[in-house]
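Work through the exercises below with the sequence and the coordinates open. Each task is followed by a worked solution.

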Amino acid sequence: MTTQARTALPDHSVVPAVWGRITNLDIDRGEGSWLITRDGERYLDYSSGIGVANTGHAHPRVAAAVAAQAQKLLHGQQNILYHEPGLRLYERLPGLLPGGPYQAFLSNSGAEAIEASVKLARVATGRPAIIAFRYGYHGRTAQTMALTTAKDVYRAAFEPLPGSVYHTAYPYCYRASGGAHDPAACTCDWEEQLDLTFHQFIYPDQVAAVIIEPVLGEGGYIVPPPQFLPRLREITRQHGILLIADEVQTGFGRTGEMFAVRHWDVEPDILVMAKGIASGLPLSGILARRELMTRWRPGSHGGTYGGNVVSCAAANATLDVIEDEGLVANARERGAQFLTGLQAIKRRYRSIGDARGLGLMLAIELVKPDEGDGRVPDPDLTKRIQAEALARKLIVLTAGTYVNVIRIIPSLVTTADEVDLALSILDEAVEAAHA
């Protein structure tokens with residue numbers, strides 16, 4: 001093969017079409033909130049690689065930690081040896097979540113960590129069943145697909161899926177059957193529906209765990225009413241059921257707290273983490289109450305690559321950056337700024353049914369206001385807004401069961417000026433999409 005052939009960029013067709021495309025950009029590098037194409041075009045990336053680049057793209061301190069570790073050891077399998085980055089990370093992670101005491105287990109991906117949480121819950125309780133919530137998303141493996149109901153494409157073609165999984169109603173206040181209402185005065189019947197689940201499908205004493213995203217992700221960036229998680233915690237304790245908080249997307253400062261459960265002072269039995277933990281390197285894990293961790297027999301769970309030494313070095317540097325640069329506070333401040341701007345845009349367009357968010361996890365929901373009850377989803381308008389934003393060099397994603405939600409996921413290093421720029425572009429994109 002010639003040097004020219006080796007350096008020429010392959011055609012996009014080498015990538016299988018199963019990877020649904022958000023853009024067709026050829027990216028050369030990233031800097032903070034920005035992606036730069038091979039042609040030098042700059043895009044404001046408010047997708048953050050689906051909520052992964054919390055410290056921004058290629059943060060210098062994270063990149064330096066990765067480079068330094070890569071020159072020393074690339075792989076140190078956890079059954080075989082101990083390495084300093086891993087030991088330091090195992091020590092640090094439990095201190096990020098009040099309560100417990102907790103212990104960490106490290107793996108590779110969010111789905112793997114969800115699988116670990118389910119296995120641990122079943123072993124620790126001796127119970128078989130798991131309850132999840134409608135609109136929830138937990139991964140693409142067989143077990144995590146069984147837990148997921150955010151969207152048909154994530155599971156519909158892959159039946160049969162593992163059993164002993166039951167789904168119950170989530171308090172989606174904008175889409176409540178009695179009409180949209182303020183989450184602060186929630187009238188959703190989620191608690192009655194959960195009780196009905198116990199009476200129709202599964203005895204509570206057969207349920208190992210209830211799993212919940214503190215803010216729903218793929219299901220539409222749905223922030224729960226303030227009383228929901230505290231009351232759910234009470235119910236699970238009443239029945240001896242473990243509470244698993246899936247913080248894969250909400251964790252590491254995304255919502256303006258290190259973990260989203262802290263907004264409601266809820267202590268889960270198991271917390272699942274990934275995405276923002278290592279600024280883009282593959283790493284995930286769980287935090288579980290120490291007495292639960294002792295229920296696993298040695299060798300009953302593990303993996304080849306989990307807790308990779310380079311990823312652990314990146315995670316330690318990521319935690320340093322989050323702490324030293326005040327990124328959790330920045331997420332709160334920039335999130336409040338962004339949500340105020342989104343609500344102002346909403347007031348000008350009847351097609352924006354809802355503007356919502358927590359920290360830097362933000363969304364607008366698009367509807368057909370003159371059809372039905374005024375809340376008929378409008379996925380076509382949503383797609384047009386996303387395309388108009390991209391044409392103006394702003395990358396945002398979609399979400400929701402009906403793909404009618406624009407979701408906005410800035411890095412936690414984003415600035416006030418960048419937020420103002422994004423709001424201006426979104427305003428133009430919404431107007432252009434209506435033309």
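The exercises treat a predicted model and cover a sheet, charges over rings, aromatic pairs and a cavity.

**Exercise 1. Strand order**

Task: State in what order the strands of the open four-stranded sheet run, and which strands are at its edges.

Solution.
- Step 1. The order is 1-2-3-14, and the pairing is mixed.
- Step 2. An edge strand pairs on one side only, which holds for strand 1 (27-31) and strand 14 (394-395).

**Exercise 2. Two hairpins**

Task: Describe how strand 2 pairs with strand 1 and with strand 3, and find the residue with positive phi in each hairpin.

Solution.
- Step 1. Strand 2 (residues 34-37) is antiparallel to strand 1, with four bridges between them.
- Step 2. Within this pairing, Arg 29 has Ile 36 as its bridge partner, and Gly 30 has Leu 35.
- Step 3. Two residues separate strand 1 from strand 2 in the hairpin, and Gly 32 in the turn has a positive phi of about 60 degrees.
- Step 4. Strand 3 (residues 42-45) is also paired with strand 2 in the antiparallel sense, over three bridges.
- Step 5. Leu 35 has Tyr 43 in strand 3 as its bridge partner.
- Step 6. Four residues lie between strand 2 and strand 3 in their hairpin, where Gly 40 has a positive phi near 85 degrees.

**Exercise 3. Side chains of strand 2 and charges over rings**

Task: Sort Trp 34, Leu 35, Ile 36 and Thr 37 by the way they point, and say whether they are buried or exposed. Then find which charged residues sit over the rings of Trp 34 and Tyr 43.

Solution.
- Step 1. Trp 34 and Ile 36 point one way from strand 2, while Leu 35 and Thr 37 point the other way.
- Step 2. All of these residues are buried.
- Step 3. Over the face of Trp 34 lies Arg 42, 5.0 Å from the ring centre.
- Step 4. The ring of Tyr 43 has the charged end of Lys 393 over it, at 5.7 Å from the centre.

**Exercise 4. Aromatic pairs around Phe 228**

Task: Classify the ring pairs that Phe 228 makes with Phe 133 and Trp 190, and place them in the chain.

Solution.
- Step 1. The count of aromatic pairs comes to ten.
- Step 2. The Phe 133 and Phe 228 pair is edge-to-face, because the planes are at 85 degrees, with the centres 5.6 Å apart.
- Step 3. Phe 133 belongs to strand 5 (residues 129-133) and Phe 228 to helix 8 (residues 228-238), so this pair ties together parts 95 residues apart in sequence.
- Step 4. Phe 133 and Phe 228 are both buried.
- Step 5. For Trp 190 and Phe 228 the centres are 4.7 Å apart and the planes are at 85 degrees, so this pair is edge-to-face too.
- Step 6. Trp 190 lies in helix 7 (residues 190-200), 38 residues from Phe 228 in helix 8, and the pair links distant parts of the chain.
- Step 7. Trp 190 is buried, as is Phe 228.
- Step 8. Phe 133, Trp 190 and Phe 228 join Tyr 170 in one aromatic cluster.

**Exercise 5. The cavity**

Task: Give the number of cavities of 30 Å³ or more, then the volume and lining of the largest cavity.

Solution.
- Step 1. The count comes to one cavity at this cut-off.
- Step 2. The largest cavity has a volume of about 40 Å³.
- Step 3. Its lining includes Tyr 135, Tyr 172, Tyr 402 and Val 405, and also Arg 175 and Glu 365.
- Step 4. Gly 219, Gly 400, Thr 401 and Asn 404 are among the lining residues as well.
- Step 5. By class, four lining residues are nonpolar, four polar and two charged.

Key
Residues are numbered from 1 along each chain as its sequence is written. This is a predicted model: local features need pLDDT of at least 70, side-chain atom pairs count only at pLDDT 80 or more; totals for chains, interfaces and linings use all residues. Side-chain values use heavy atoms; hydrogens and water are left out. On a 1 Å grid over the protein atoms alone, a cavity is a set of points where a 1.4 Å probe fits but cannot get out, and a pocket is an open set with protein on both sides within 12 Å along at least five of seven lines; lining residues have an atom within 4 Å of a point. Grid points are joined across faces, edges and corners, and a volume is the space filled by probe spheres set on the points. Ala, Val, Leu, Ile, Met, Phe, Trp, Tyr, Cys and Pro count as nonpolar, Asp, Glu, Lys and Arg as charged, and the others, Gly among them, as polar. Rings of Phe, Tyr and Trp (its six-membered ring) pair if their centres lie within 6.5 Å; planes under 30 degrees apart count as stacked, over 60 as edge-to-face and the rest as tilted. Buried means under 20% relative accessible area, exposed over 50%, partly exposed in between (1.4 Å probe, protein chains only). A charge sits over a ring if NZ of Lys or CZ of Arg is within 6 Å of the ring centre and within 35 degrees of the ring normal. Two strands pair if DSSP finds at least two bridges between them.
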